[in-house]
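Trainee: I should like to work through this model with you, one question at a time. May we begin with the overall architecture and then turn to the helix contacts?

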Amino acid sequence: MSTGRAQAGGVVYALLIAAALFYLMPVYVLVVTSMKSFAEVSLAHMWALPSGVYFSSFARAWQGDPLHGLRGLGTNFLNSVKLTIPATILSSFLGSLNGYVLAKWRFRGADVVFPAILFGMFIPYQSILIPLVQVLQRLHLYGTLSGLIFVHVVYGIPITTLIFRNYYASVPTDLIEAAEIDGAGIWGVYQRVIVPLSAPALVVAAIWQVTSIWNDFLFGVTVTSNPEVQPITVALNNLAGSYVVEWNVQMGGALLAALPPLLVYVFLGRYFMRGLMAGSLKG
Amino acid sequence: MIAPSIVAVAVFVYGFVGWTGFVSLTRWNDVLPDYTWAGWRNYLDLFENFRFRIDIVNTAKFTLVFLAACLAIGFALAALLERAFRAEPLFRTIYLAPLAISFIVTGVVWRWLLNPGSAQLGSVGINQLFERLHVGFLRSGWYTDPHIGILAVAIAATWQMSGYTMALYLAGLRGIPDELREAARVDGASEGQIFRRVIVPLLQPVTLSAVIILGHISLKIFDLVVAMTGSGPGFSSDVPAFFMFDTTFRGNHFAQGAGIAEILLVLVAVLTVPYLVYSTRTEVQR
């Protein structure tokens, strides 16, 4: 019995390791290739380890090579940073307000409003792109980073509302009633009771928004056409689509684009998981 | 207090969807807007459209393969992980990592991995790996082969999303009380019977959520196609979301693009609205 169980355990681990190799394989190619020196880069040796750690691929992906018409991703990386931070803060704030009201102030029609807001996170964004471009052009926000921030704030409302609402639902109503007896109104309760308790939901919402705004491509490619303003995903796609760019530089660029969300995931994975579960509506 | 958000969602989601619907019923198929009424003509044209017909078939193929692979791999990994006590966090972290990165990054990497190579280059990527492992007969043209096309994209999508399915199943398995299994054991059920008669039925709600979430992702799949293949030979990896973008913003066929977008929206709504209403209802009752 015990040897049978040990064998079964061995099989389980063998299968788990095989699966891990499958998931790590592209990451291996990505990391290894972007570390190789230009002399070592050859598709025939795609799977070979680099002879040392070289940062030339990253440098070229970051700075580009203006003489040969290669645009670097440095500006775009910074664009993504400038875009992600304010959009995350603003959409989390709106989500917190909505979540609070929907969880604690049962107004008439709330049962319709909540799912109606949530539907906004499932729609294919293609169905709003045409009027979005028209309206942004009217507002003179088309093609600007502010315009893109605005778009991410608006379409971030559903998911942040869901995360905060689910969390606030677990805040004891007694706390709110006590503050109300002390004379606090809807805003007073929010500032004195709700905001100090919000950290756990804020972490989940902020991590979710940081990764999804950083990773967005559709809004970026639709709203920004000037390479100087584009976020990194759009610039990476342009870089990779051009046949003159060496593939190690493409990999270096891909790693640059992947690194921020991967670091967030590695260090704050627990909160990332919660956002994931909230996204499936299971809270 | 929540009025600004409600107004924003009302305008930017529902108002815009409505406006797109209106555009789809006009003759705006050139650079400048033309709001002359066209009725259902754009839709009728679409269903006759060679490319759109291929796209619908591609979406069906993609959804089928992507869903089947994610559910099977996700479930198998969750069941295995439940038995790998101490190593569980490590493996789980590895399996879920692809989810954190952009579809664009995934597309760029998998385009090289599934590159079929050429006469001068020899085999590259996965094909090269197959040769090294002495299973060269598995080599394939991948996305350059019109018979595979969109299914190559489904492989990359499965790589990215199967960890998510695993996480859903793992949470589901954790939610099953040990007493239930104990009770079945006391009644003389074998482990296999417990699995089939107790565990699998209890996980059905998880499967349903996974099908809805993954299904709506596959209807909307866009970024991965752009970064990995584009339309492919003979539109073999083209999808409606890509056709919409292409025809609207590159071809200036705004009304046609709006029509495709609305068809996509209806498909997504049919899949998600009942689930959304049901989940929020049960939550309110709780």
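**Architecture and helix packing**

Mentor: In this predicted model, the secondary structure of chain B consists of 13 helices and zero strands. Along the sequence, chain B accordingly reads α-α-α-α-α-α-α-α-α-α-α-α-α.

Trainee: What percentage of the residues of chain B count as buried?

Mentor: The C-alpha atoms of chain B fill a box of roughly 75 × 65 × 35 Å along the principal axes. Burial requires 20 or more other C-beta atoms within 10 Å of a residue's own. Of the 286 residues of chain B, the share that counts as buried is 46%.

Trainee: Among contacts in chain B between residues at least 6 apart in sequence, what share joins residues at least 24 apart?

Mentor: Contacts are taken here as C-beta atoms within 7 Å. For chain B, with the 6-residue minimum applied, the share joining residues at least 24 apart is 69%.

Trainee: Is helix 9 of chain B largely in the open or largely buried?

Mentor: Helix 9 covers residues 191-202 of chain B, and its twelve residues reach 15 Å from first C-alpha to last, close to the 16 Å expected at 1.5 Å a residue. The number of buried residues among those twelve is zero, so helix 9 of chain B lies largely in the open.

Trainee: His134(B) has a positive phi although it is not a glycine. Does His134(B) count as exposed or buried?

Mentor: The phi of His134(B) is about 60°, and the residue sits in the loop between helix 6 (125-132) and helix 7 (150-174) of chain B. A residue with 12 or fewer C-beta neighbours is exposed. Because His134(B) has 7 such neighbours inside 10 Å, it counts as exposed.

Trainee: Which burial class applies to Asn252(B)?

Mentor: Asn252(B) also has a positive phi of about 60° without being a glycine. Asn252(B) belongs to the loop between helix 12 (240-250) and helix 13 (254-285) of chain B. Its 14 C-beta neighbours inside 10 Å mean that Asn252(B) counts as partly exposed.

Trainee: How are helix 7 and helix 8 of chain A oriented to each other?

Mentor: The axes of helix 7 (residues 173-181) and helix 8 (residues 186-197) of chain A come within 10 Å and cross at roughly 125°. Helix 7 of chain A passes helix 8 of chain A in a right-handed crossing, and the residues of this contact divide into five nonpolar, one polar and two charged. An angle between 115 and 145 degrees falls outside the parallel, perpendicular and antiparallel classes. Helix 7 and helix 8 of chain A are therefore oblique.

Trainee: How many charged residues does the contact of helix 11 with helix 12 of chain A have?

Mentor: Helix 11 (residues 232-241) and helix 12 of chain A pack at about 170° with axes 10 Å apart, and are therefore roughly antiparallel. The residues in contact include Leu236(A) and Leu239(A) of helix 11 and Ala254(A) and Leu256(A) of helix 12 of chain A. By class, the contact of these helices has seven nonpolar and three polar residues, and the charged ones number no residues.

Trainee: Which helix of chain A gives the largest share of the side that touches chain B?

Mentor: Across the interface, 65 residues of chain A are in contact with 74 residues of chain B. The chain A side divides into 51 nonpolar, twelve polar and two charged residues. Its largest share, 14 residues, comes from residues 247-279 of chain A, namely helix 12.

Technical notes
Residues numbered from 1 in each chain as written. Chains lettered and ligands numbered in written order. Predicted model: local features only at pLDDT ≥ 70, side-chain atom pairs only at ≥ 80, totals over all residues. Axes fitted to C-alpha atoms, helices over the stretch in contact; angles between N-to-C directions. Helix = DSSP H or I, 4+ residues; strand = E, 2+ residues; numbered from the N terminus. Parallel < 35°, antiparallel > 145°, perpendicular 65-115°, else oblique. Left-handed = near helix turned anticlockwise from the far one by under 90°. Nonpolar A, V, L, I, M, F, W, Y, C, P; charged D, E, K, R; others polar. Contact = placed C-beta atoms within 7 Å. Expected span 1.5 Å × (residues − 1).
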